[in-house]
Structure formats: C-alpha cells, structure tokens
Amino acid sequence: MCAGLVALLAARRVWVGYPPPPAHVRVLGRREFGFLTAAADTVFPPGGAISASGSDAEVAERTDVWIGEVAPFLRVLMRLLFFLVEHATLFFPAPGRRGFRRFSSLDAAQREAVMSGWAESSLGPRRLVFESLRAVLTMSYLSDPAVLRELGVAPRDIEPGYCEADLLFPPIGHGPDAIRIEPEDLRDVEAPATLACDAPLDPRYAAPRA
Amino acid sequence: MSVSAGEVRVFAQYADDVVETAEVVVVGSGPGGAIVAKELAERGRDVVLLEEGPPFSLDDLEIDPALSMSRTMRESGLRATRGSVMPTMQAICLGGGSLVNSAICVRAPDFVLDEWCERYGLTKTTRADLDPHYSAVGRFLGIAPTPDEVQGRRNLLFRQGCDALGYSSEPISRNVRGCRGSGECFTGCRARAKQSMDISAVPAAVRAGCRVLTSARVERVTGSADRAEGVRGSIVEPFTGRVAGRFEVHARRVVLAAGCMATPVLLEKSGGLANRSRQVGRNLRFHPGVAIVAGFDEHVDPHFGATQGYQSLQFLRDGYKLEGLWAPAAVLAVRTRGFGHVLKERLAQLPHSAVWDAIGSCNRSIGEVRVRRRGLDPKLLWRLHPADVPILARALYTLSEIAFAAGAHSVVTGVPGVPTEFHSLDDAQVLRNRSFRPSDFQTGGNHAFCTTRMHGDRERGVVDEFGRCHDVANLYIADTGVFPQCPSVNPMWTGMALAHRTAGLIAESL
Ligand SMILES: Cc1cc2nc3c(=O)[nH]c(=O)nc-3n(C[C@H](O)[C@H](O)[C@H](O)COP(=O)(O)OP(=O)(O)OC[C@H]3O[C@@H](n4cnc5c(N)ncnc54)[C@H](O)[C@@H]3O)c2cc1C
Ligand code: SF4
C-alpha cells in the first residue's frame, strides 16, 4: 500500500502536470516540449542584449522540426539528454525550497543554479551534457528569423543562378516532370553582382513575427 | 527499365530493380568520384556513376543550418570521433563534400609532396608529376583567387593583420564562378556560383554519356579476392534511408570514391577486400581546426563576403594554415561559452566580430575507421596526440596576434583555463607559455584522409600512387583516403588532381 503510494507520487513527479504543446508540434511529447521551453528560457532569458527569450524564439517548436529530421539513433540520444536534465533534480535537488522537483517545475533562479551546476561541473561528462543541451538550444534559437534580424545576420535575398544542372535535377521526391527550369532561364554566372550589406532579406527571414 | 546514356535517375523514378553493365562503375560523386566519371566519359568510356544521396535542386537548398545539416550530411551532421571527441562532417548528396564546402583550392606544397615520395616509396607523385593534373582540374572548375570585391570586411581584416605583422597572406583560390559573397557555402550556394561537383563535373559527365544513379547505396563490391566484377546495393529514399529496391552494376573496372570514411567500410563489408597490407581503415588523419572570434569596434558584418576568402600559408612548415571563416551564426555560436545574459551579450557582438580559423597538420594524431556489425556508418576512433597539441596552441596565438594587429579589442579562443577574452597580445601569451592537454581544445575535423593510403610497398599500403589497389588489379580508389599523410592544406584540389590521374590510367587500361 505504502510502496504503491510512493510509486504513485514518483510517477506524478515524472509524468503529470505538463501543459499540452501547440497543435503543430509533431515529434516532441508534452514533457519534452515543457522541458525544452523551460531550458530555452534559462539559456536565453527574456531581455538583455538580444530581446527575444527562448520561448519568443520558439526554440522548442524549432527543435521539434529539427528532431523530426535527424537520424533515428540521434533522436533517441537527444530525447535521453532532455530526460536526463529534466529529471536529474529529482535525485540531486536544486538549491532552495522544494528543490526536489523536475527542472521545468523549478523557479527561474533554481533553474539557473541547476544549469550552472551542469555548466561548471568538475566532471567532464556533466559539462558535456550541458554543452550538448546548449548546442541544441542555440541551434534552434539562432534559427529564429527575428533573432537573426536583430543580430543583423539574417540571410539576404539571392537571385537564383540557374545553371545546366537545374535542367537535370528535379526537386527531391519528384521525377523529371517537376523540373520547371527552361534553357532560357540559365544565367551567366561569370557576371556577378556582389551582395551589398543593405541587400533585401530573404523573404523567409524578412517577415515580422506573427 | 535500363538507364540510358546521359540519364540521371532520381529516387522517384525507380520502378524496378536495376541491373546495368558498364566499362567502369564509379562509387561516390564527391570531388574524387565526379572527376573520374567526367574524365572517363569525356574520353568515350562507358561509365555508371553511383551516389547514395540525392541531387539538391535550388528548391532543396535549406538555409536553416540545423535542417540543412540533417539533409545534406551523414548522421545529420552530428558525426564525431571517439577517443578525442571531435565533430567531423561528411556529406550525403550528389557532389559529396563539394556541395557544402567553402570551395578552397590549394595545391599541396612542395615539401609535402617531397615527404610523401620519400616516406611512402612514391616515385611519380612529385610537383612535376601532379601539376598538369592540378591545372587540368583548375581550368575546368575555374579555380581562381578570390577578388577583393567579394572579400567582405572579415577577410580583409585578416589581410590587414597579416600585412601589419609582415606575415604573408593571399586571396584564397576557389572553384567558383561569379561568387556573390553571400558567405553561405556551408548550406549550399544558392547563387550557383560554387562549382560543386553536382553542377560542374557531374553534368559534364552526363553530357558525355555517363549514366548517373542517385539514391543508390553500394553495399558490396562483387567478384573475387583478386578481381572485382562490379557492385551491388540498395535504392534508398533520400533522408530516411528506407530501402525501396536493389541494383547491381557489372563492370570491367570498379572505382571506389565513397570518401575516406565509407570506402574502408565498403572494402571490409566486401569480405575484407584489398587488405593484405592490413592498412584498410587504419592511419585515419585529420586537419583538426580551431578558431578565434576577434571583436572590433567597427561593424564587420561577418556574414558578408566569401565564406573563406583570405589565407596565410606562412606557417605551413610549422604545422598550421590560417584562414578567414564564416559559417551560419547557429553553427559558430554552438561553441560560444556561458548561458543566460552572458551568452546573449556574447552573441550580440557577432556583427562586430571576425571569425578566423587554423587547420593543423597533425600527422602524429592517428585513428581508424571501424566497421559496425549493422549498416555502413563507420565507427571512428581518433586521438589528438599530445605532441600535436602545441601546433594548435601556436596557431591560436598567431591568429590572436593577427587580430590585435588588425585592431581587434578582444579575442575569444574557447580554450578552457585561459581568460575567456584576451584584451591584448600579452593576455594571449598564455597560449605560448602554458602546456595544454588534448582535451583543452575544441576542434572540428572536416578534412579527413589516409584510410586506404597509397604506398610504393604493397605490404604497407592499400593502393599504389595511381590509386590502383595492390591486391585487386581492376579495383581503384579515388578519394582522399589514398593520401599517405596530411596534405597540410585543404585537400579537395589534391584529391581531384590524383583522381584525374587515376582516370587517365583507367582509360589507358581499357
Ligand atoms: C563543411 C566542410 C567544408 C570543407 N571545406 C573545404 C574546402 O573549402 N576546401 C577543401 O579542399 N576541402 C574542404 N572540405 C573537405 C572536402 O570537402 C573533402 O575533402 C572532399 O569532399 C573529399 O572528397 P571525396 O571525393 O574524397 O569524398 P566525399 O566528398 O565525401 O564524397 C564521397 C561521396 O560518396 C558517397 N557515398 C558514400 N558511401 C556511398 C555508398 N556506399 N554508395 C554510394 N555512394 C556513397 C557520399 O554520399 C559522397 O557523395 C570541407 C569539408 C566540409 C564537410
Ligand atoms: S560565398 Fe556565397 S555566392 Fe560565393 S560561392 Fe559561397 S555560397 Fe556561393
């Protein structure tokens, strides 16, 4: 009876209480999504030198798209990484009151302390966990068009330079019928126009955040 | 339905299993394989070129680096060595590494070729022997120095720093035509300026009648231990690798150019082929790369300008080469230290930063490619040798020197245990005075070689200096695995020059 109660409480700490992720999230479960949102806001808090927080930059949503494309064994490794950091505080508590909670349930100061613990650990493997997690979050944060625009490094619009190969290769997943380029579309690539620093942004990076 | 001369077959077109016959089958369409296929086809030979990855049309080039890496690179771009953990990227696409590389073309220096000849029993790999092949490839790809108009401030500051110190520097020669200076070679050139193999050598081969099967993963060389009869494998869906059919190609000559990580695996999976020397998969070497981020008061706008436009070859004999560098912000930032507001502040400096890198000729750091029981992905073991560590420390010091000479106010190296930021050259002295451990350096290794090395002595190498396997007369290797040692400079042009020579030999033998 008592063991059952303990198991129920433990299960509650691990599995219950995560809000559902937005409908367009396809791969991440609600727990992973909840963890990533909390971790992203710890690594990229609101305000400061770049205005967007991890949530503003939709880090969890972007990671969902990315994780859906990586090789299956890497997807498993990434998920294990998220699980590990989310639940490590159930065994090694965060400082302060109610530190024995999963990472995403901690308050902002506790999360920061936990993240510092990983980052500055004297144990190489712990630091590696932090660096791997930060790498995932940073890749997604710096994929956000608004962040790239604010940093001034968003990709510019580039006039496509069609060449002979574009008459040979259809878009991936299609047959040659899908080739839309005609010989008259080919451009003389020997005559470049150097991209100017104030060149317009690529349309995918130009739109303000919806 | 058999494939016609000059046809490129893509995944959507495979209805049945494929069986083809050719004079020569080439496995892999990277710089090595594509040059062999083009040369042979243009000499009137009947060639089938096989590539596991798909061709990337302009619509398929993804600017988002995470998604781009997942699609164009093996193991989603997250492949790493064990031992010393170092990321290493190999492409899976028509064109191989040339689709995602920076198009840097440098001839191997004289002292490297001399050493190769002297130490590996080579007699026909001198400057005079290879120069005609370098030149032929160079003419075809339009290899030329990067003009000032597309250098961008990041590369020009590198030149300025070198000039101030009296270090030699030069614009990098690249295989580009009409570069716009977009700095996005890493995710594929949307301007179609970079003459990657998919838009240069492969179309030329196709024009000359070569049949190209993409999404065709070779799994085995067929034949006996002494004679190759062809290859067979699976038709695989792009990105998922789902098997959708089988193929077999019978040929009089087989050329493996699957890259220095994949070719040894193929040989091993083909019953330990061509391995009487026991050198297949061994001797794996890299040019480990390190980088600095130099902070300037001025706006550098580092994402403008040729991805890599300026270099210094002054320190090649000391074991390192220096270059300007750009990669997507997300990729560069992965190595930025800290988190929270500190990290944000560091990232916000990016527009005022120049990123420069060094590659080390670390010949003492050796590893191996091992075969996994399942699949063709290699297991990579490699260790940065303690004796090679000072090369990287010196390289970072020299880069810091150049940065301060160019007017930088700060330099970040990412080396733990030294100040996070140097504010003067005095701060950087720690790189000269301290001894470091291999694990102190965050390196990346995209130049890889030597896993099927050439050697004049058949007991000590897999191929001869023409790329012909010592043990299997009609089997050739034409990727960077044949290098006997680090080339000390970016490997692509040397790989293509050797492949060009191998193609000539095969043509004569038919
Ligand atoms: C990001 C990056 C930047 C670089 N920058 C430069 C640079 O600027 N200059 C330079 O000199 N070098 C550069 N390099 C290195 C250079 O790209 C490689 O050295 C070069 O591509 C090696 O050519 P290769 O033909 O030996 O092999 P690869 O380019 O690796 O080509 C091998 C091909 O074989 C295919 N293949 C593998 N296995 C199979 C199989 N079983 N069946 C069918 N096909 C198969 C692969 O998909 C691939 O297309 C860079 C590399 C990277 C990753
Ligand atoms: S710098 Fe830009 S335009 Fe020039 S070759 Fe690279 S991707 Fe193409």
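**Exercise 1. Work out what covers the buried residues of helix α9(B), and on which side of the helix those residues lie.**

Solution. Start with the covering elements: in this predicted model, what covers the buried residues of α9(B) includes α2 (30-43), α6 (124-141) and α7 (145-151) of chain A together with α8 (329-333) of chain B, where contact means heavy atoms within 4.5 Å. Helices here are DSSP runs of H or I with at least four residues, and strands are runs of E with at least two, numbered from the N terminus.

Next, identify the buried residues, those under 20% relative accessible area with a 1.4 Å probe and protein chains only: in α9 (residues 341-348) of chain B they are Leu343(B), Lys344(B) and Leu347(B). They lie on the same side of α9(B), because they cover an arc of only 100° around the axis, the arc being that of the directions from the helix axis to the C-beta atoms. As a general rule, an α-helix has 3.6 residues a turn, so residues three or four places apart point the same way.

The model is a predicted one, in which local features need pLDDT of at least 70 and side-chain atom pairs count only at pLDDT 80 or more, while totals for chains, interfaces and linings use all residues. Residues are numbered from 1 along each chain as its sequence is written, chains are lettered from A and ligands numbered from 1 in the order in which they are written, and side-chain values use heavy atoms, with hydrogens and water left out.

**Exercise 2. Describe the largest nonpolar core and find which helix gives the most to it.**

Solution. A nonpolar core is a set of buried Ala, Val, Leu, Ile, Met, Phe, Trp, Tyr and Cys residues joined through side-chain atoms within 4.5 Å. The largest has 94 residues, and those with the most contacts inside it are Leu50(B), Val231(B), Phe247(B), Leu256(B) and Leu475(B). Helix α13 (residues 492-509) of chain B gives the most to this core, with ten residues. Then turn to Leu475(B): leaving aside neighbours within four places in sequence, its contacts include Ala228(B), Val254(B) and Leu267(B). A second, separate core of 74 residues includes Ala60(A), Leu81(A), Leu106(A) and Ala66(B).

**Exercise 3. Sort the lining of the largest cavity into nonpolar, polar and charged residues.**

Solution. The lining divides into 15 nonpolar, five polar and four charged residues, where Ala, Val, Leu, Ile, Met, Phe, Trp, Tyr, Cys and Pro count as nonpolar, Asp, Glu, Lys and Arg as charged, and the others, Gly among them, as polar.

How values were computed:
Buried means under 20% relative accessible area, exposed over 50%, partly exposed in between (1.4 Å probe, protein chains only).
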